[in-house]
Amino acid sequence: ARPRIRTASERVGAQTFVASVNGDGLSWSGVSQMTMANGHIYYVQTTSGHGHAFESDLYRISFSGGKPVPGTQALVSGPAAGDGQDWSGRGMFVVAS
């Protein structure tokens with residue numbers, strides 16, 4: 001299943017938008033959290049880590065023309081980045097600082 005993306009100006013309703021399709025080279029399996037800020041989608045990808053433990057890393061990908069831009073994915077934080085952060089959890093929100 002592919003993620004369904006809603007822009008900030010839309011309200012919750014029955015209409016579904018598909019932002020990524022088969023063949024675009026993006027895999028959303030293992031994504032547990034997702035939010036959008038400043039033209040990027042931030043998401044948590046959970047993978048099997050060292051010793052069969054699971055690791056949750058934060059990634060970002062550019063969002064343009066109503067869809068993610070393949071090839072712009074970047075690791076932001078987490079065990080794979082070596083910063084000691086674990087992004088496992090139940091939700092993610094953007095808060096102005």
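Visitor: Where along the chain is G91 found?
Guide: A quick note before the answer: this is a predicted model, in which local features need pLDDT of at least 70, side-chain atom pairs count only at pLDDT 80 or more, and totals for chains, interfaces and linings use all residues. Residues are numbered from 1 along each chain as its sequence is written, and side-chain values use heavy atoms, with hydrogens and water left out. Elements are DSSP runs numbered from the N terminus: helices (H or I, at least four residues) and strands (E, at least two). On that count, G91 is found in the segment after β5 (74–77).

Visitor: Is G91 buried, exposed or partly exposed?
Guide: The classes go by relative accessible area (buried under 20%, exposed over 50%, partly exposed in between; 1.4 Å probe, protein chains only). G91 has a relative accessible area of 43%, so the label is partly exposed.

Visitor: How far apart are the C-alpha atoms of G91 and T35?
Guide: Along the chain, G91 and T35 are 56 residues apart. In space, their C-alpha atoms are separated by 8.9 Å.

Visitor: How many helices and strands does the protein chain have?
Guide: From the N terminus on, the elements run β-β-β-β-β. That comes to 0 helices and 5 strands.

Visitor: How many bridges join β2 and β3?
Guide: Two strands pair if DSSP finds at least two bridges between them. β2 (residues 40–48) pairs in the antiparallel sense with β1 (residues 31–37) over 6 bridges, and there M34 has Y43 as its bridge partner. On the β3 side (residues 54–64), T46 stands opposite S56. β2 and β3 also pair in the antiparallel sense, and the bridge count is 9.

Visitor: Which residue takes a positive phi in the hairpin of β1 and β2?
Guide: This hairpin has 2 residues between the strands. The positive phi is near 50°, and it belongs to N38.

Visitor: Which elements give two or more residues to the largest nonpolar core?
Guide: A nonpolar core is a set of buried Ala, Val, Leu, Ile, Met, Phe, Trp, Tyr and Cys residues joined through side-chain atoms within 4.5 Å. The largest one here has 6 residues: L26, W28, I41, Y43, I61 and F63. The elements giving two or more of them are β2 and β3.

Visitor: What kind of aromatic pair do W28 and Y43 form?
Guide: Rings of Phe, Tyr and Trp (its six-membered ring) pair if their centres lie within 6.5 Å; planes under 30 degrees apart are stacked, over 60 edge-to-face, the rest tilted. The whole structure has 2 such pairs. For W28 and Y43, the centres are 5.2 Å apart with 65° between the planes, making the pair edge-to-face.

Visitor: How many residues apart in sequence are the parts that the pair of W28 and Y43 ties together?
Guide: W28 counts as buried at 9% relative accessibility, and Y43 is buried too, at 7%. W28 lies in the segment before β1 and Y43 in strand β2, so the separation in sequence that this pair bridges is 15 residues.

Visitor: Why does the pair of Y43 and Y59 count as stacked, and at what angle do the planes lie?
Guide: Y43 sits in strand β2 and Y59 in strand β3, 16 residues apart. Y59 is partly exposed, at 23% relative accessibility. The ring centres are 5.7 Å apart, and the pair is stacked because the planes lie at 15°.

Visitor: Which residues do the ring pairs link into a cluster?
Guide: Y43 pairs with W28 edge-to-face, and Y43 also stacks with Y59. The cluster is therefore W28, Y43 and Y59.
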